[in-house]
Amino acid sequence: MPNNVTITDVQAAAQRLAGVAHRTPVLTSRTVNQRTDSQVFFKCENFQRTGSFKFRGAYNALAQLSDAQKQKGVLTYSSGNHAQAIALAGQLLNIPTTIVMPDDAPAVKQAATRGYGAEVILYNRQDSTREELAQSLAIERGLSIIPPYDHPHIVAGQGTAAYELIEEVGVDLLLVCCGGGGLLSGSAIATKSILPNCRVIGVEPERADDATRSFHTKTLHTVTNPDTIADGARTPCLGKVTFPLVLNYVDDMVTVSEEAIVRTMFFLWERLKIVVEPTGVLAAAALLEGVVKAPQARIGVIISGGNVDLKQAGKLFSSGDSK
């Protein structure tokens with residue numbers, strides 16, 4: 001399978017997802033426009049099926065498996081959003097799914113993944129790595145592995161979020177969160193292919209800045225279990241598929257603080273009336289906190305997801321960092 005992903009792949013993914021994935025809303029805010037001296041368009045993937053953009057890539061990847069692969073089933077490893085996305089895509093396509101999850105994954109995410117019909121296999125982070133466990137299980141059971149981000153069909157599916165946004169509103173700048181780089185690289189491919197002069201900037205937490213360091217040094221950096229509330233950005237590094245794509249299509253990478261993440265969450269909940277998870281606000285935080293400035297520009301911001309533990313959110317908002 002070729003690792004390169006093109007706009008043709010993103011467009012084909014958009015056709016597969018038509019009528020299956022939600023075409024998520026694009027929200028605007030006069031307050032945000034005044035604060036940033038720009039026109040800002042929020043692409044709200046928190047309203048996507050399973051609560052995040054991950055459904056796009058999961059469905060696109062599973063839909064392209066051979067009949068034999070579909071019959072045997074698929075396996076993935078994820079503590080949250082990708083797990084739920086693969087489970088639902090498998091349910092819709094009648095493909096058995098097995099998900100390797102850490103035993104400390106939030107109970108609500110474990111329950112949601114099982115609720116979509118997946119078999120959940122728990123492991124202890126201290127005893128083994130999810131990749132090793134997944135590999136041995138896949139060989140033992142003859143299952144196809146669909147990783148969370150480092151797969152060309154995943155990248156193409158995630159790129160449909162930006163593709164939809166660009167179809168709806170032209171932008172001069174696109175801000176996208178970055179964990180393993182699936183959404184960022186897919187979005188950058190879609191954007192640069194249609195709007196070559198549009199700048200694309202990826203955003204990470206300061207405490208999980210492996211992709212930012214990798215981008216600026218052109219050498220792959222890694223992090224180990226970084227201590228950030230943006231759990232979707234705790235990935236150890238960019239992948240073999242995503243790293244070259246990020247280097248080729250993305251214009252810049254920046255980081256935001258934990259305090260900025262909480263303040264932006266609070267602002268979006270309070271002003272836009274939308275439930276967004278910490279990882280989901282990374283791109284918005286870069287803009288609202290002034291890390292990225294583009295006055296008089298049309299700016300697209302991808303809100304990546306809304307799967308947040310409401311009790312944890314309450315604790316974050318009462319911590320004092322949200323003011």
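Helices (H or I, at least four residues) and strands (E, at least two) are taken here as DSSP runs, numbered from the N terminus. The model is predicted, so local features need pLDDT of at least 70 and side-chain atom pairs count only at pLDDT 80 or more, while totals for chains, interfaces and linings use all residues. Residues are numbered from 1 along each chain as its sequence is written, and side-chain values use heavy atoms, with hydrogens and water left out.

One open sheet holds four strands in the order β5-β4-β3-β6, with parallel pairing, where two strands pair if DSSP finds at least two bridges between them. At its edges stand β5 (119-123) and β6 (144-145), each with a single partner strand, so that one side of each has no neighbour in the sheet. Strand β3 (residues 74-77) runs parallel to β6 and is joined to β6 by two bridges, and V74 has S144 as its bridge partner in β6. Helix α5 (residues 81-93) packs on this sheet, touching β3 and β4 (97-102), and its direction makes about 165° with that of β4; contact means heavy atoms within 4.5 Å. Helix α7 (residues 130-141) lies across β3, β4, β5 and β6 and runs at about 170° to β3, where axes are lines fitted to C-alpha atoms, for helices over the stretch in contact, and angles run from 0 to 180 degrees between N-to-C directions.

Another open sheet is formed by six strands in the order β1-β2-β10-β7-β8-β9, and its pairing is mixed. Its edge strands, β1 (26-27) and β9 (252-256), each pair on one side only. Strands β7 (residues 173-177) and β10 (residues 298-303) pair in the parallel sense over three bridges, with L175 opposite V301 in β10. Helix α10 (residues 210-217) lies across β8 (199-205) and β9, running at about 150° to β9.
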